[in-house]
Amino acid sequence: MSHKLTRRTVRSLCVAAVALPALAAGTSAQAGGVSGPAFYVDHQLYRTVATPTDLSGTGAPAQSWDTIYSFGAVQRSVATAAPGDRGYNGGRWQVHAVSLTSSYAAALAAGDRDGNGVLDAADEVQAAIGAGALVDGGVVKYFVCTVNPVPHGRA
């Protein structure tokens, strides 16, 4: 599965957080916009206002980014921080492409600590990686987008 990202893919990460493998290389940037539910942070669903940014190659230190684990079409992405969290970097993201080593059920068995049927927190993703049920393909993109909580009942 290829995880080469384009500007359109970055927008899709912010907006839908599910389209990585489906987007072709060379797609032009599109205007941003308010998304529906897009990704999880600490068991809470968030949406965003996407921007067509590409901050790859800036040389910024690792601690100036928060991580988004992108699962492609498997499930919504999972981010490591949100506004109000200690050390939150204001919506500056490094995207790590993660992939399954066998099945989604195996990843859930390894990481779904709260038993809700989805990996929806960074510690759950990291537990699944640690157990070998997911592989972290490393950083595939750097960009900026906002993080806005989705009101309960609007998922």
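How many helices and strands are there in the chain? There are 3 helices and 7 strands. The legends below describe views of a predicted model.

**Figure 1. The whole chain, with its helices and strands**. Read from the N terminus, the elements follow the order α-β-β-β-β-β-α-α-β-β. The chain has 155 residues, and 41% of them count as buried. Its exposed area is about 7100 Å², of which carbon and sulfur atoms supply 51%. Taking contacts between residues at least 6 apart in sequence, 65% join residues at least 24 apart.

**Figure 2. The open sheet of 7 strands**. The strands lie in the order β6-β5-β3-β4-β1-β2-β7, and their pairing is mixed. The edges are held by β6 (134-144) and β7 (148-149); each has a single partner strand, so one side of each has no neighbour in the sheet.

**Figure 3. Strand pairing from β4 through β3 and β5 to β6**. Strand β3, residues 66-70, pairs with strand β4, residues 77-79, in the antiparallel sense over 2 bridges. Within this pairing, Ile-68 has Ala-79 of β4 as its bridge partner. The pairing of β3 with β5 is parallel and runs over 5 bridges. Here Ser-70 is opposite Ala-97, a residue of β5. Between β5 and β6 the sense is antiparallel, with 8 bridges. Leu-100 has Leu-134 in β6 as its bridge partner.

**Figure 4. Surroundings of Gln-94 in strand β5**. Is Gln-94 buried or exposed? Gln-94 counts as buried because its relative accessibility is 11%, below the 20% limit for that class. Leaving out residues up to four places away in sequence, Gln-94 touches Ala-62, Trp-65, Asp-66, Thr-67, Ile-68, Val-139, Lys-141 and Tyr-142.

**Figure 5. The aromatic pair of Phe-39 and Trp-93**. The whole structure contains 4 aromatic pairs. In the one formed by Phe-39 and Trp-93, the rings are 6.2 Å apart centre to centre, with 65° between the planes. Why is this pair described as edge-to-face? The angle of 65° between the planes is over 60 degrees, so the pair falls in the edge-to-face class. The pair links distant parts of the chain, since Phe-39 belongs to strand β1 (residues 39-41) and Trp-93 to strand β5 (residues 92-100), 54 residues apart. Phe-39 and Trp-93 are both buried.

**Figure 6. The aromatic cluster and a charge over a ring**. Which residues form one aromatic cluster? The cluster is made up of Phe-39, Tyr-46, Tyr-88 and Trp-93. The view also takes in Trp-65, with Arg-92 lying over the face of its ring at 4.2 Å from the ring centre.

**Figure 7. Gly-117 in the loop between α2 and α3**. The loop that holds Gly-117 runs between α2 (104-111) and α3 (122-130). Gly-117 counts as partly exposed because its relative accessibility is 43%, which lies between the limits of 20% and 50%. Apart from neighbours within four places in sequence, Gly-117 is in contact with Tyr-104, Leu-108 and Asp-112. Gly-117 and Ala-105 are 12 residues apart along the chain, and their C-alpha atoms are separated by 8.9 Å.

Definitions and conventions
Residues are numbered from 1 along each chain as its sequence is written. This is a predicted model: local features need pLDDT of at least 70, side-chain atom pairs count only at pLDDT 80 or more; totals for chains, interfaces and linings use all residues. Side-chain values use heavy atoms; hydrogens and water are left out. Rings of Phe, Tyr and Trp (its six-membered ring) pair if their centres lie within 6.5 Å; planes under 30 degrees apart count as stacked, over 60 as edge-to-face and the rest as tilted. Helices (H or I, at least four residues) and strands (E, at least two) are DSSP runs, numbered from the N terminus. Buried means under 20% relative accessible area, exposed over 50%, partly exposed in between (1.4 Å probe, protein chains only). A charge sits over a ring if NZ of Lys or CZ of Arg is within 6 Å of the ring centre and within 35 degrees of the ring normal. Contact means heavy atoms within 4.5 Å. Accessible areas come from the Shrake-Rupley method with a 1.4 Å probe; for residues, only the protein chains shown count as cover. Two strands pair if DSSP finds at least two bridges between them.
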